[in-house]
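Got the viewer open and a few minutes to spare? Let's take a walk through the model, one selection at a time.

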Amino acid sequence: MTTIVDVQNLGKVYDGGFTALDGVSLQIEAGEIIALLGPNGAGKTTLISALCGIVTPSSGHATVGGHDVVTDYRKAREMIGLVPQEIALEPFEKVINTVRFSRGLFGKTRDDKLLEKILRQLTLWDKRNARVRELSGGMKRRVLIAKALCHEPRVLFLDEPTAGVDVELRRDMWQVVEELRRAGVTIILTTHYIEEAEAIADRIAVINRGQILLVEPKADLMARMGRKTLRIDLMEPLDAIPAALAEYELTLTGGGTSLSYTYEAGGERTGITRLLQAIANEGLALRDIQTTQSSLEEIFVGLIKEEGA
């Protein structure tokens, strides 16, 4: 695959001495969806702002499509669409004019067929003549995406795109993002909804205190760092866990009717076979067995806690 965004040792120190970015390096491949996760103040928005030419880096360099974001910023910016956190739209303007104006800002000629295609894709075509102030919060966010796409960028930055959006509309927007990816758009997503990253991202990058902690394919990360829980339902309840099972660090749940055993999902040996044999040796009859795997949110929280320790 081709690297479309290349960040090398990027740093940003503000006048007051606060370090927002501390030697960030990141390569993003064309056509992928990468989720940038981190707590408030981690540097997510600063990184996006630096790549989009809103903030000037203090050190390092970055390119978009081979164009340096500082020395060749016009060419770099032409390749980028940005959907910011804040909804900043002219409330009395019509949707179609709002999007058409944004295309003109990039020096693009009028293309009503393209704008119709984008508005239909975002379920905004029926609202094209509505004034922005008449739209719901979710629809206003769709207008922001339309504005970001109207000049046909190859890279789309979504900074908390579903903040304040209800669950149903959030899932609709996930579908929109997937369709954009299929059309060849590279998408960089920041979000506080970890299930959003788990649902749509190809890779996960975790940033904290201005530094990248890891960048890894989502499936590999969850397999490597995820933990599984084996729940063993018993035919008869227990008052306490038998002493012979103490080494397995089991938890007694469900009023004594279930045993929970946690193990590393990617481990070579899980210990399950020995555990089940030990349970049989104790004469315990089983009703059912099922496993669950830790979510990306649990992995993310664990990483942040570990890094801050």
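Start by selecting Leu158, Pro161, Thr162, Met173, Trp174, Val177, Leu189, Glu196 and Ile200, which line the largest cavity. The elements that put two or more residues into this lining are α6 (167-182) and α7 (194-200). Colour α6 on its own: with three residues, α6 gives the most to the lining of the largest cavity. Sorted by class, the lining residues of the largest cavity come out as seven nonpolar, one polar and one charged. The space inside the largest cavity is about 50 Å³. Keep in mind while you click around that this is a predicted model.

How many cavities of 30 Å³ or more are there? The count is two, so let's go to the other one.

**Second stop: the other cavity**

Clear the selection and pick Val7, Leu26, Ile28, Leu36, Leu47, Ile48, Leu51, Phe157 and Ile188, the lining of the second largest cavity. The volume here is about 30 Å³. Try showing β2 (19-29) and α1 (44-51) as cartoon, since each supplies at least two residues of this lining. α1 has the largest share of the lining of the second largest cavity, at three residues. What classes of residue do you find around the second largest cavity? Nine are nonpolar, with no polar and no charged residues in the lining.

**Third stop: α3 against α4**

Now for some helix packing. Two packed helices are described by the angle between their axes and the distance between the axes. Show α3 (residues 95-105) and α4 (residues 112-121): their axes come within 11 Å and cross at roughly 120 degrees. That angle makes α3 oblique to α4. Rotate the view to look at how α3 passes α4, which is a right-handed crossing. For the contact, turn on side chains for Val95, Ile96, Val99, Arg100 and Arg103 of α3, together with Asp112, Leu114, Leu115 and Leu119 of α4. By class, this contact of α3 with α4 has six nonpolar, no polar and three charged residues.

**Fourth stop: α3 against α5**

Leave α3 on screen, hide α4 and bring up α5 (137-149). The axes of α3 and α5 come within 8 Å, crossing at roughly 30 degrees. Are these two helices roughly parallel or roughly antiparallel? Angles under 35 degrees count as roughly parallel, and α3 and α5 are therefore roughly parallel to each other. The crossing of α3 past α5 is right-handed. On the α3 side, select Val95, Thr98, Val99 and Ser102; on the α5 side, select Val143, Ala146 and Lys147; these residues make the contact. The contact of α3 with α5 divides into four nonpolar, two polar and one charged residue. Val95 and Val99 are worth a label, as they are listed in the contact with α4 and also in the contact with α5.

**Last stop: two backbone oddities**

Most residues other than glycine have a negative phi, and most peptide bonds are trans. With that in mind, zoom in on Thr123, in the loop between α4 and α5. Thr123 is not a glycine, yet has a positive phi of about 55 degrees.

Then jump along the chain to Glu249, in the loop between β11 (227-234) and β12 (251-253). What sign does phi have at Glu249? Positive, at about 50 degrees, although Glu249 is not a glycine either.

Note on methods
Residues are numbered from 1 along each chain as its sequence is written. This is a predicted model: local features need pLDDT of at least 70, side-chain atom pairs count only at pLDDT 80 or more; totals for chains, interfaces and linings use all residues. Side-chain values use heavy atoms; hydrogens and water are left out. On a 1 Å grid over the protein atoms alone, a cavity is a set of points where a 1.4 Å probe fits but cannot get out, and a pocket is an open set with protein on both sides within 12 Å along at least five of seven lines; lining residues have an atom within 4 Å of a point. Grid points are joined across faces, edges and corners, and a volume is the space filled by probe spheres set on the points. Helices (H or I, at least four residues) and strands (E, at least two) are DSSP runs, numbered from the N terminus. Ala, Val, Leu, Ile, Met, Phe, Trp, Tyr, Cys and Pro count as nonpolar, Asp, Glu, Lys and Arg as charged, and the others, Gly among them, as polar. Axes are lines fitted to C-alpha atoms, for helices over the stretch in contact, and angles run from 0 to 180 degrees between N-to-C directions. Angles under 35 degrees count as roughly parallel, over 145 as roughly antiparallel, 65 to 115 as roughly perpendicular and the rest as oblique. A crossing is left-handed if the near helix is turned anticlockwise from the far one by less than a right angle, and right-handed if clockwise. Contact means heavy atoms within 4.5 Å.
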